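The exercises that follow are to be worked with the sequence and the coordinates side by side. Each task is followed by a solution that proceeds step by step.

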Amino acid sequence: MPTTMHRLLLPLIVGMACVCPAVAASQSWKRALPMPQASQEAVTAANAVINQSGSEECLRGKLSNAIVRLSNSCDVSGHSSTACELASELAGQDSELSMGEMLTTSEILLDLLSEPESSL
């Protein structure tokens with residue numbers, strides 16, 4: 001038989017169980033990689049696309065993930081650059097990039113990310 005304390009706490013606990021995962025999920029984007037690591041992942045993915053080191057679908061996933069991580073890192077760190085703007089724009093797209101678009105994007109990313117640190 002539940003005590004008065006149990007009757008009072010049960011709705012609170014159930015309510016927290018429903019709210020906490022959503023709050024945690026909404027905060028997960030803040031766990032971004034440090035900019036140097038996110039930039040290196042983007043360079044690695046871009047080189048993989050240019051060298052066609054895998055299937056088109058694998059390369060698309062690798063590049064897309066790297067772009068999202070770079071965009072998140074830019075947002076969290078407060079960086080503002082052409083590479084960050086491109087990553088944010090691409091990360092917000094709903095459509096998939098074609099292989100030609102992935103190649104062009106990869107070349108542009110490599111150019112932007114090879115600029116001196118001050119321009120990142």
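## Exercise 1: The setting of E41

E41 has its place in helix α2, in a model that is predicted. Determine whether E41 is buried or exposed, or in between, and which residues E41 is in contact with once its neighbours within four places in sequence are left aside.

Solution. Begin with accessibility: the relative value for E41 is 28%, and because buried requires under 20% and exposed over 50%, E41 counts as partly exposed. Next, list the contacts of E41, which, leaving aside neighbours within four places in sequence, are L33, A66 and R69. Finally, take A66 from that list and compare the backbone positions: the C-alpha atoms of E41 and A66 are separated by 5.8 Å, although the two residues are 25 residues apart along the chain.

## Exercise 2: The disulfide

Identify which cysteines a disulfide joins, and work out the handedness from the torsion about the S-S bond.

Solution. The count comes to one disulfide, and this disulfide joins C74 to C84, with an S to S distance of 2.0 Å. Since C74 lies in helix α3 and C84 in helix α4, the pair ties together parts that are 10 residues apart in sequence. The torsion about the S-S bond of C74 and C84 is about -75 degrees, so the disulfide is left-handed. As for accessibility, both C74 and C84 are buried, whereas C58, at 41% relative accessibility, counts as partly exposed.

## Exercise 3: The packing of α2 and α5

Describe how the axes of α2 and α5 cross, and which residues of the two helices meet.

Solution. The axes of α2 and α5 come within 9 Å and cross at roughly 140 degrees. Because angles count as roughly antiparallel when over 145 degrees, α2 and α5 are oblique to each other, and their crossing is left-handed. On the α2 side the residues that meet α5 are S39, A42, V43, A46, N47, V49 and I50, and on the α5 side their counterparts are M99, M102, L103, S106, E107, L110 and L113.

## Exercise 4: The largest nonpolar core

State which elements give two or more residues to the largest nonpolar core, and which residues touch the most other members.

Solution. Of the 24 residues in this core, V49, L63, I67, L70, M102, L109 and L113 touch the most other members. The elements that give two or more residues are α2 (35-50), α3 (56-77), α4 (82-91) and α5 (99-113), with the largest share, seven residues, coming from α2. To follow one member outward, take L70: leaving aside neighbours within four places in sequence, L70 is in contact with M35, A38, S39, A42, A83, A87, L109 and L113.

Definitions and conventions: Residues are numbered from 1 along each chain as its sequence is written. This is a predicted model: local features need pLDDT of at least 70, side-chain atom pairs count only at pLDDT 80 or more; totals for chains, interfaces and linings use all residues. Side-chain values use heavy atoms; hydrogens and water are left out. A nonpolar core is a set of buried Ala, Val, Leu, Ile, Met, Phe, Trp, Tyr and Cys residues joined through side-chain atoms within 4.5 Å. Buried means under 20% relative accessible area, exposed over 50%, partly exposed in between (1.4 Å probe, protein chains only). Helices (H or I, at least four residues) and strands (E, at least two) are DSSP runs, numbered from the N terminus. Contact means heavy atoms within 4.5 Å. A disulfide is a pair of cysteine sulfur atoms within 2.5 Å. Axes are lines fitted to C-alpha atoms, for helices over the stretch in contact, and angles run from 0 to 180 degrees between N-to-C directions. Angles under 35 degrees count as roughly parallel, over 145 as roughly antiparallel, 65 to 115 as roughly perpendicular and the rest as oblique. A crossing is left-handed if the near helix is turned anticlockwise from the far one by less than a right angle, and right-handed if clockwise.
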